[in-house]
Every structure is written in C-alpha cells, then in structure tokens.
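Student: I have a protein on my screen and would like to understand the terms used to describe it. Could you take me through the reasoning behind them?

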Amino acid sequence: MPIARREASDARVIAHVDMDCFYVQVEQRRQPNLRGLPTAVVQYNAWKGGGLIAVGYEARRFGVKRSMRGDEAKKACPEIHLVQVPVARGKADLNVYRDAGSEVVAILSQRGRCERASIDEVYLDLTDAAETMLSESPPEMLEEINEEVLKSHVLGIDKNGEEEGETAKQWIGNSDASHRDRLLVCGAIIVGELRMQVLKETEFTCSAGIAHNKMLAKLASGMNKPAQQTVVPFSAVNKLLASLPIKKMKQLGGKLGSSLQADLGVNTVGDLLQFSEEKLQEKYGINTGTWLWNVARGIDGDEVEGRLLPKSHGCGKTFPGPQALKTITSVERWLNDLCEELSERIQSDLDKNNRVAHTLTLHARVYKANDSESLKKFPSKSCPLRYGTMKIQEDALKLFNSGLREFLGLYKAESKVTMNNKWGVTALSVIASKILATPGTCSILKYFRGVDPSCSTEGHANNENILDTLPTSHSGTESCLGGDMTDLPKESSCEETNSNCSKLNLNRDGKRTNKRNSEVAGPILRYFSTPSPSCSSSQHARHGIIQDIEPSSTPARDGCSGYNLAESQNGTLQGETRLSNSSPSLVQHGQEKQQWSFNVEDIDPSVIGELPPEIQDEVRGWLKPLKHAKTAKRSSNNIAQYFLPTRDT
Ligand code: TTP
C-alpha cells in the first residue's frame, strides 16, 4: 500500500536516472562488435530460443519486444544477435550487470544524495547542488552549456514553432523564471553533465527525469529514451497528469488502479481530481485516500534515501514443468548451489563494505500432486543467518523441510511423511537481508582478539576473524536430510534451527513509455547509435524455533536480530531478544507462540526483480500489509504529518 507523505519542500530537485536497455549495453561493452547491431539478451532457459529479458533499441525498431522468446524475435528481426546471460551453477549469473550498475552509481553519487533503486536505476536529490549552482554560477551566466542539456525535453513549454533545442535554451537562460524553475534548470545542467560523465567513463548511456519529487522524476525518465532527459516544471504537472493513463502511474498498475477504473470510472490520473480527499479516504482508507489525492496533484513527499549498496542479496531458480524437483535430495542439491552463491555474495559484501547480513529467508513455490486445493502457498521461512557456506546450506535446508512439513499439513512431530505426500518444487530462492554496517566490529574484535579490521587493508583476512567471533545462532547440526521424502525430518528436529526477525519487500513498477526521438539526438544519442554474523539471540537460541514470515501488524523494532552493536561497543556482547509487544502475527508450528516483528526496509526492492517470476508476485503481495503496518506506527507517532491507515484497499 502506498504511503501518503507531505513534501518537505516544493522546491526540491530530484532526478531519476535509468540506464537504457541495460543488459544489452553491458553485453555490447563486453563484445564491442555488437554495438549498433540489433541485440537482445536472453534468459538461461533456452526453450524456444530463450525468453528475452533486455532488448536493444536497434532491435526494438523491428518490433522485437521483451515478452518474446528468441525464436519469435528472430522471425521479427532475422539479423538479431541473441546473447545469453552469463551462467554459473546452472543458473543466470547477474554479477556482471550488478557490477556495471555499481560503476554508474559511483559516478552519479558524486553530486548529491543517491538511492540505488534497482540494478540499473537511481534517484538523486540534487537540491543542495542546484542551490549552490544558482547562487554561485547561475545558468544565464554560464558561457557554455552542455549540448545534452540544451537537448532536454522540457514539459509544458510553448514551442512557438521553434526547434525543441531552441526552446530549451530559452527556458534555461530565463533569469526571470521562478526560483523553483531556476533550480530545475540547474538540476538539468547537473544531470546532463553526469550523463556525459557516465558515458565517458563506462560507455553506457542513460536517460533521466528531473522534477520536484521522485514520482514525477520517475515518470519523466522514461518519456524520451534512449539517452535523453526530460524536465517536469511545476507548471506542467497538471497537464501531464490530466492525460496520463491511471495504470501508468507507479503503484497504480495493479489492483488499486483496476479498482479506480472499475469503481470510480477513473481513466487518467487527472480524473482523480474530481474526488475530494474525504471521498477517496472513505473508499480506500485514510492513508491510501490521501495518497491518491496527492497523486492527482503530483504531490509526493518520498525522500531520496542515501543508499548505494543493496539492502539484501537474493538467489533464486525456477524449475518449470517437468523440471520440478520432487525429492529432498534434488532440493538439497539446488539449495546448496543457491546458498553457495549467496554465501559468496554476502562474504564479498562483508569484505568490501564491512556489512553483515543477519537474516536468511527461504521462499519456495511448491505444488501438491493430486490435490485440487493446491492453492495453499508454501510458507516462507527465515532464521538468523550464520556465515559460512555449509552453515547457510544447512539452515536453508532446515527451513525448507520445516516449510514442507507445514505445507503438507504435517504439524505434529509424530506425523509421518508417506509416499502419498507427493509434491514438486517449481521455484526456490534464498535471501540474505537485514544487512547492517559493522561500526562496532573493531571494538568487538579488540575485545576478543585484538584485531581491528577497519584499520587494515587486508579486508578478507580480517573479516574471517570477524566471522569467527560472531555468535552462531544455533548448535543444531543434526542432519534433517534423506534421499527422498520419506526421510523428511520430523518437526521437532527441524525446530532446532533458529528464530528470527524477517523482512520482505517489493518492487518494479509499471511500464514506461519508451519513445525514440532521434531528431533531437545530442552527443550521447549520437554515440549510442554509432556502431562501434549471525544474529544470535540468547532467548532465540534457547528456543531454537523457525518462524514464518507473515506480516505483523506491529511495526518493526530495531535490534530484533538480537545482536546489539551499541552494546558491543561497550565491550559486552549480549544476545538480546527484542520482540514486539502487540498482537502476535507469527504462527509457530511448534509448541509455543511468540511475538514477531519485521522491518520491511531491510530488503532491497531490486532484489525482488532478481527472484524467479513465480515468487516475485508472492513477495510483492506480502509487502502490502507490511507497508501498512509501518504506516500505522508512523501515524500514531505524529498524526500531523502522517495519516492513520484505518482501511486498506
Ligand atoms: P529495465 O530498466 O526495465 O529495462 P531496460 O534497461 O532493458 O530497457 P529500457 O531502456 O526500456 O529501460 O530493466 C533493466 C534490466 O533488468 C534489463 O536490461 C534486464 C533486467 N530485467 C530482467 O532481467 N527481467 C525483467 O523482467 C525486466 C523488466 C528487466
């Protein structure tokens, strides 16, 4: 559910930068002979030529679309070059794209607060940089303005028959414009410079939207692709939204947008203007109603979070149709591979960034054979994350086994899994989340070993020491495994894993309008078209219970991992359990019930996009109530700024 927030200021300068056909550009940089040629990147699964996941703009001109498979794309464009995503451990390996995205982020973050929103897009808050530019070197004083900036598309300005570049030039040089328009001009100049820098240093082109808030910036960045930028002055907002189809707006592409169409007859965002805030609240609840009222007016108070690193890491794999996994042994084999990759990634994060992941979560999509009521979903499970590939593998398998017993309805310890309990796994994912910096690690290490990792460039060696000193979450090492499902462990033994706090999350919003505009090609466009430690809690560890990830109605509380760095800095290690005090939301299929808390912010939105499609929807579905709960907390704290969510859609 969207969260209604007021804008702190109506003169912020926010940019949304989105890489153009990103995976294709990465592949074209790896194989420069593909530059300028119709190219698409296809999935690892080679059925019917593989599903297209990224399509270059040259191929789009032939009608090639992401929804196609390779064979279909070849029919539409016989010249197309299909590049398969790199493969590791029998599945797509996205590291090359992640690393390429990081290169871009490193450049874009130089001029303002930067939020990495997905593998290939970022938000920038350029307000301070724009204010500084305006006071020190206002646009009309600049001797030369970057050609990319002059090619900006400025929404709502009257062209009067002039070339677009000429109109933009006049808009940029208008010293009589309002303060906030002049700030946007500075934002456009800064973004134009950044885009040029990205091109020079990485060989990648990107497109951008520049506006007064994230919602409008995101909307604009997709309006003129590839390699162009679009500005949304305040005066253009109403006209823009008046004709914008409701489903194109972020967060309105799904059920809420459909309900607006069906129940209120709303077709464009502007159509919402006819409804009062009270009416929208009455229909959709106070928070969503206010959010909709804001959206209709282009108001969005979301801040750009300063975050360059992902909030979580995830690895997943699908097993469609006959590939479904039907024995514990085959599940274990794939889980081992996924966990190995996850382990490498969190280890690398620790080595490079001194960050520790605290929670391990397992998602699966499982069906029951011969069961017409198979709509029941496999329960996702989580536990404190223990570093070390084997430990992660062991815990992930226990989580799976626990989930499977529950899925099969075998709640009692004495229940036997028989051959009648046939099942098949069509998707598996493991996620490491609640990733925290380790500011207290120095003192912890000193306390235990007298080693200070941050004072050394030998990150890896020292991080091994960190891991050794981190408390492990449980000592249950007995194997829950067997060769087939009859060896599925009993609930009691599976419960010897850990408890934990969970988190989930969302994302990837509606499709963009991708309109090629070659007439206004600036230098970038010309370039583009040229070929060429585990969170042990003493209490949890004692109970050692796996918990479900069901959204709590209570807000997150910090420290739910039980590993409190502040206390560590004082030289003491205390595994403190912090559980919420209100209604329990976690069903425990053991002997007791416990309270539960979660932190939705701990999972990077972009990670959802990396999970198998079957799982993405499910995870997104969970996020809605989670967000709701978060809002409730805010609301109760400060009713003047936030709105009580009394009803949901
Ligand atoms: P997008 O930004 O959605 O698309 P794009 O960069 O390929 O093209 P555009 O110029 O229109 O923005 O996605 C970024 C990358 O994420 C994309 O290159 C491939 C990957 N991706 C998938 O793997 N699966 C998907 O379903 C989508 C939408 C993207």
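Tutor: Let us go from the overall fold to the ligand and then to single residues, keeping in mind that this is a predicted model.

Student: What makes up the secondary structure of the protein?

Tutor: The protein has 23 helices and 16 strands. Of its 649 residues, 56% are buried. About 26,600 Å² is exposed, and carbon and sulfur atoms supply 49% of that area.

Student: Which residues are the closest to the ligand?

Tutor: The closest are C21, F22, Y23, Y57 and K225, and 16 residues surround the ligand in total. Those 16 count as surrounding residues because each has a heavy atom within 4 Å of the ligand. By class, the shell divides into 7 nonpolar, 1 polar and 8 charged residues.

Student: How do you know that Y23 makes a polar contact with the ligand?

Tutor: A polar backbone atom of Y23 is 3.0 Å from an oxygen atom of the ligand. The limit is 3.5 Å between N or O atoms, so the pair qualifies. D18 passes by the same limit, because an N or O atom in its side chain is 3.3 Å from a ligand oxygen. For M19, a polar backbone atom is 3.4 Å from an oxygen atom of the ligand, so this pair also falls within 3.5 Å. Taken alone, the ligand has 560 Å² of accessible area, and the protein covers 84% of it. The elements that give two or more residues to the shell are β1 (14-19), α1 (22-30), β3 (52-55) and α2 (57-60).

Student: Why is α1 called largely enclosed?

Tutor: Because 7 of its 9 residues are buried, α1 is largely enclosed by the rest of the structure. The buried ones are F22, Y23, V24, Q25, V26, E27 and Q28.

Student: Which residues form the cluster of ring pairs?

Tutor: F22, Y23, Y97 and F204 are linked into a cluster by ring pairs. Each linking pair counts because its ring centres lie within 6.5 Å. The structure holds 7 aromatic pairs.

Student: What makes R60 a charge that sits over a ring?

Tutor: The charged end of R60 is 3.9 Å from the centre of the Y57 ring. The distance limit is 6 Å, with a further limit of 35 degrees from the ring normal, so R60 counts as sitting over Y57. K283 likewise lies over the face of Y284, at 6.0 Å from the ring centre.

Student: Why is K169 called partly exposed?

Tutor: Its relative accessible area is 45%. Partly exposed covers the range between 20% and 50%, so K169 belongs there. K169 is in helix α7 (residues 164-173). Its C-alpha atom is separated by 9.9 Å from that of E147, with their positions 22 residues apart along the chain.

Student: What is unusual to check in the backbone angles of E203 and N354?

Tutor: E203 has a positive phi of about 70° although it is not a glycine. N354 has a positive phi near 55°, and it too is a residue other than glycine. E203 lies in the loop between α8 (179-202) and β10 (206-211), while N354 lies in the loop between α14 (328-353) and β13 (355-368). With 34% relative accessibility, E203 falls between 20% and 50%, so it is partly exposed. N354, at 23%, is partly exposed by the same range.

Student: What makes the peptide bond from K225 to P226 cis?

Tutor: Its omega is near -5°, and the bond is cis. P226 is in the loop between α9 (214-221) and β11 (229-231).

Student: How do you know that H313 is buried or exposed?

Tutor: Its relative accessibility is 7%, under the 20% limit, so H313 is buried. H313 is in strand β12 (residues 313-318). Its side chain makes a polar contact with the side chain of D349 at 2.8 Å, which is within 3.5 Å.

Student: And why is V356 called buried?

Tutor: Its relative accessible area is 0%, so V356 is under the 20% limit as well. V356 lies in strand β13. The C-alpha atoms of V356 and I435 are separated by 5.3 Å, although the two are 79 residues apart along the chain.

Technical notes:
Residues are numbered from 1 along each chain as its sequence is written. This is a predicted model: local features need pLDDT of at least 70, side-chain atom pairs count only at pLDDT 80 or more; totals for chains, interfaces and linings use all residues. Side-chain values use heavy atoms; hydrogens and water are left out. Rings of Phe, Tyr and Trp (its six-membered ring) pair if their centres lie within 6.5 Å; planes under 30 degrees apart count as stacked, over 60 as edge-to-face and the rest as tilted. Helices (H or I, at least four residues) and strands (E, at least two) are DSSP runs, numbered from the N terminus. Buried means under 20% relative accessible area, exposed over 50%, partly exposed in between (1.4 Å probe, protein chains only). Accessible areas come from the Shrake-Rupley method with a 1.4 Å probe; for residues, only the protein chains shown count as cover. A polar contact is a pair of N or O atoms within 3.5 Å; within protein, one must be able to donate a hydrogen and the other to accept it, and residues adjacent in sequence count only if both atoms are side-chain atoms. Ala, Val, Leu, Ile, Met, Phe, Trp, Tyr, Cys and Pro count as nonpolar, Asp, Glu, Lys and Arg as charged, and the others, Gly among them, as polar.
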